Amino acid sequence: TIVRIYSWLIAAGFAGVALHHVLPAWTIAILFVVTGFLACGWHGVHYAEIASMAGAERSGTALGLENTMVFGGAFLTPLIIPLVLSLSSWPIVMLLIGAAPAVISALLMPGEHTATYA
């Protein structure tokens with residue numbers, strides 16, 4: 001689904017940012033901009049996808065749960081970054097910022113349903 005694609009593209013962008021010590025500064029700047037657009041620009045598409053996956057009867061519940069998860073992540077991320085940074089380095093922080101959402105979406109997002117016809 002589009003949500004998984006966005007998650008993996010964001011993860012790839014942050015993996016590129018984690019290579020800041022070997023890539024030119026202009027490449028890192030472009031990666032930050034593109035990854036930032038991907039990380040922030042998906043909201044409308046993502047919420048529409050969540051609502052359509054849940055169906056009309058459960059779209060409100062799904063959107064409420066989605067909002068709770070997004071704001072939970074927005075709350076926890078700034079608390080976790082200093083801890084990870086004190087134990088490692090910025091490249092590790094960037095890898096985790098990119099990898100965690102991609103892995104979580106791969107584990108938690110339901111797969112595509114294929115219709116079977118008799």
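The points below concern the fold, the nonpolar core and one helix of a predicted model.

1. Overall fold. The protein chain contains five helices and zero strands. Read from the N terminus, its elements follow the order α-α-α-α-α.

2. Contacts along the sequence. Considering contacts between residues at least 6 apart in sequence, 61% of those in the protein chain join residues at least 24 apart.

3. Burial and surface. Of the 118 residues in the protein chain, 24% are buried. The accessible surface amounts to about 7900 Å², and carbon and sulfur atoms account for 76% of that area.

4. Nonpolar core. In soluble globular proteins, nonpolar side chains tend to be buried together. Here the largest nonpolar core consists of five residues, namely Ile10, Phe14, Val17, Ala18 and Met94. Helix H1 (residues 2-18) makes the greatest contribution to this core, supplying four residues.

5. Surroundings of Ala18. Ala18 belongs to that core. Once neighbours within four places in sequence are set aside, Ala18 is in contact with Pro91, Met94 and Leu95. Of these contacts, Met94 is also listed in the core.

6. Geometry of helix H3. Helix H3 (residues 43-54) has 12 residues, and at 1.5 Å a residue it should span 16 Å, the expected span being 1.5 Å times one less than the number of residues. The end C-alpha atoms of H3 are 16 Å apart, so the model agrees with the expected span.

7. Burial in H3 and the residue that follows. His46, Tyr47, Glu49, Ile50 and Ala51 are buried in H3. Gly55 comes after H3 and has a positive phi, near 90°.

Terms used: Residues are numbered from 1 along each chain as its sequence is written. This is a predicted model: local features need pLDDT of at least 70, side-chain atom pairs count only at pLDDT 80 or more; totals for chains, interfaces and linings use all residues. Side-chain values use heavy atoms; hydrogens and water are left out. Helices (H or I, at least four residues) and strands (E, at least two) are DSSP runs, numbered from the N terminus. Buried means under 20% relative accessible area, exposed over 50%, partly exposed in between (1.4 Å probe, protein chains only). Contact means heavy atoms within 4.5 Å. Accessible areas come from the Shrake-Rupley method with a 1.4 Å probe; for residues, only the protein chains shown count as cover. A nonpolar core is a set of buried Ala, Val, Leu, Ile, Met, Phe, Trp, Tyr and Cys residues joined through side-chain atoms within 4.5 Å.
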